[in-house]
Amino acid sequence: MIVNGKPTRTIWLGDDGYTVEIIDQTRLPHEFIVVRMETLDDAARAISHMLVRGAPLIGATAAYGMALAMGQDASDEGLENAYKVLYATRPTAVNLRWALDDLKALLAPLSADARQAAAYARAADIADEDVEMCSSLGEHGAAIIRDIWENKGKPDRINVLTHCNAGWLATVDWGTALAPVYKAHDAGIPVHVWVDETRPRNQGASLTCWELGQHGVPHTLIVDNVGGHLMQHGQVDLCITGTDRTTAAGDVCNKIGTYLKALAAMDNGVPFYVGLPGPTIDWTITDGVRDVPIEERDPGEVTRLTGLTDDGKIETITITPAGSPAANYAFDVTPARLVTGLITERGVATASIEGLKALYPERVG
Ligand code: MRU
């Protein structure tokens, strides 16, 4: 996508052909800072401290992390260690495991001398493939937005509600939930996005608003509890979210609060779509509530807020009484029955084993 007039991805190889550069997403929207990763530990830290985040970007960063690790120690022990260190960074997004398994399967049979070059080449391919998949799912999703807009008689504005950040910042480019929005906007459909702020880390307020603004997409920030009210008053034409792990049966694990939006959407007859590239499907599980590991993060993210003061300083404040405990569950599961459709790079599937099987016949037994 374009940042300050320049085509930009979220991760790219540095000019030296060895280091890997990322945007520090903890500093957005107030500062645009590029960080250079030189080691396995840099990549692991970037994921665990959420300089990069979003399921597809976590996968791409892990792939580059393996490449950086092979530059440090390409022995069998080095490979095992890199896998373990990166795998431990975040538990929920399955793209992490997918990318690490992919790299390990590629590198393990190679001689140590050949591993570094092979890892860089595969990491670059994973990044490019992510861009292609997100672009393609964007086309399929934009067709849905167009249909709804046309069926409603082409109103002046078609309202999409989204949760968290599932835009290009969460992927290598384009995004998952927001790829259809960008494609629809670029095709002249008057799309407007209701952006859930997405407490506690506020990815909606800080990241989604920023990237929609950079692309000129009309949007309005709302607090997390507004969606149901808007739906009751006909102000939401469809919801689109991303996902960190979708089961083979179509249950969707995404940022905490997604489930409540899906319930409200069902109650109000609002279509609830989820955008995802194939690597976000976990083919090994079918029961999302039982089987998806839900990340629990530092309660300090709930009790404190960080933002820009009127005099231009970034400060963190505490909003709770001293001693009140907080819990910080980062994701929840939306059962397949609440999902209208899964928008993938191969087309739109019903959220079911049969639906996914039809699109990915090679993956389901
Ligand atoms: O905790 P985060 O910011 O990594 O969570 C991101 C999300 O929940 C996204 O919606 C999800 O990764 C889908 S992204 C394209």
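## Contacts and overall fold

Two residues are in contact when heavy atoms lie within 4.5 Å of each other. In this predicted model, residues 24 or more positions apart account for 74% of the chain's contacts with a separation of 6 or more. The chain has twelve helices and 18 strands.

The chain has 365 residues. A compact globule of that length would have a radius of gyration near 21 Å; the chain has 20 Å, which agrees. Along its principal axes, the C-alpha trace spans about 60 × 55 × 45 Å.

## Burial, surface and charge

Of the 365 residues, 56% are buried. The accessible surface of the chain is about 15,000 Å². Carbon and sulfur atoms hold 51% of that surface.

The chain carries 30 positive and 48 negative charges. The mean positions of these two sets are 2 Å apart.

## Two domains

The chain is divided in two. Domain 1 covers 2-129, and domain 2 covers 137-359. Their centres, taken over C-alpha atoms, are separated by 24 Å.

The domains touch. On one side, 33 residues of domain 1 take part; on the other, 34 residues of domain 2.

## Leucine 100 in helix α4

Leucine 100 belongs to helix α4, residues 94-107. The relative accessibility of leucine 100 is 0%, so this residue counts as buried; the cut-off is under 20%.

What does leucine 100 contact beyond its neighbours within four places in sequence? The partners are Ala62, Met66, Tyr83, Leu86 and Tyr87. Alanine 63 lies 37 residues away from leucine 100 along the chain, yet their C-alpha atoms are separated by 6.4 Å.

## Valine 193 in strand β7

Valine 193 sits in strand β7, which runs over residues 191-196. Its relative accessibility is 0%, and valine 193 therefore counts as buried.

Leaving aside residues within four places in sequence, valine 193 has contacts that include Val160, Thr162, Val181 and Leu212. A run of partners follows further on: Val217, Pro218, His219 and Thr220. One of these, proline 218, is 25 residues from valine 193 along the chain, with 6.5 Å between the C-alpha atoms.

## The loop between β7 and α7

Strand β7 (191-196) is followed by a loop that leads to helix α7 (203-215). Threonine 198 is in this loop. So is proline 200. Asparagine 202 lies there too.

Threonine 198 is buried, because its relative accessibility is 0%. Not counting residues up to four places away in sequence, threonine 198 touches His163, Cys164, Gln203, Gly204, Asp224 and Lys255. Threonine 162 is 36 residues from threonine 198 in sequence, and their C-alpha atoms are 9.7 Å apart.

## Backbone exceptions

Most residues other than glycine have a negative phi, and most peptide bonds are trans. Several places in this chain depart from that pattern.

Which peptide bond at proline 200 is cis? The bond from arginine 199 to proline 200 is, with omega near 5°. In the same loop between β7 and α7, asparagine 202 has a positive phi of about 60° although it is not a glycine. Asparagine 202 has a relative accessibility of 15%, so it counts as buried.

Another cis bond joins leucine 28 and proline 29, where omega is about 5°. Proline 29 is in the loop between β4 (20-23) and β5 (34-37).

Methionine 50 also has a positive phi, about 65°, without being a glycine. Is methionine 50 buried or exposed? Methionine 50 is buried, because its relative accessible area is 2% and the limit for burial is under 20%. The loop that holds methionine 50 runs between α1 (40-48) and α2 (55-72).

Terms used: Residues numbered from 1 in each chain as written. Predicted model: local features only at pLDDT ≥ 70, side-chain atom pairs only at ≥ 80, totals over all residues. Heavy atoms only, no water. Helix = DSSP H or I, 4+ residues; strand = E, 2+ residues; numbered from the N terminus. Rg over C-alpha atoms; globule rule 2.2 N^0.38 Å. Buried < 20%, exposed > 50% of the residue type's maximum accessible area, 1.4 Å probe, protein only. Areas by Shrake-Rupley, 256 points an atom, 1.4 Å probe, with all protein chains shown as cover. Lys, Arg positive; Asp, Glu negative; His and termini not counted. Charge placed at Lys NZ, Arg CZ, Asp CG, Glu CD. Domains from an automatic or database assignment.
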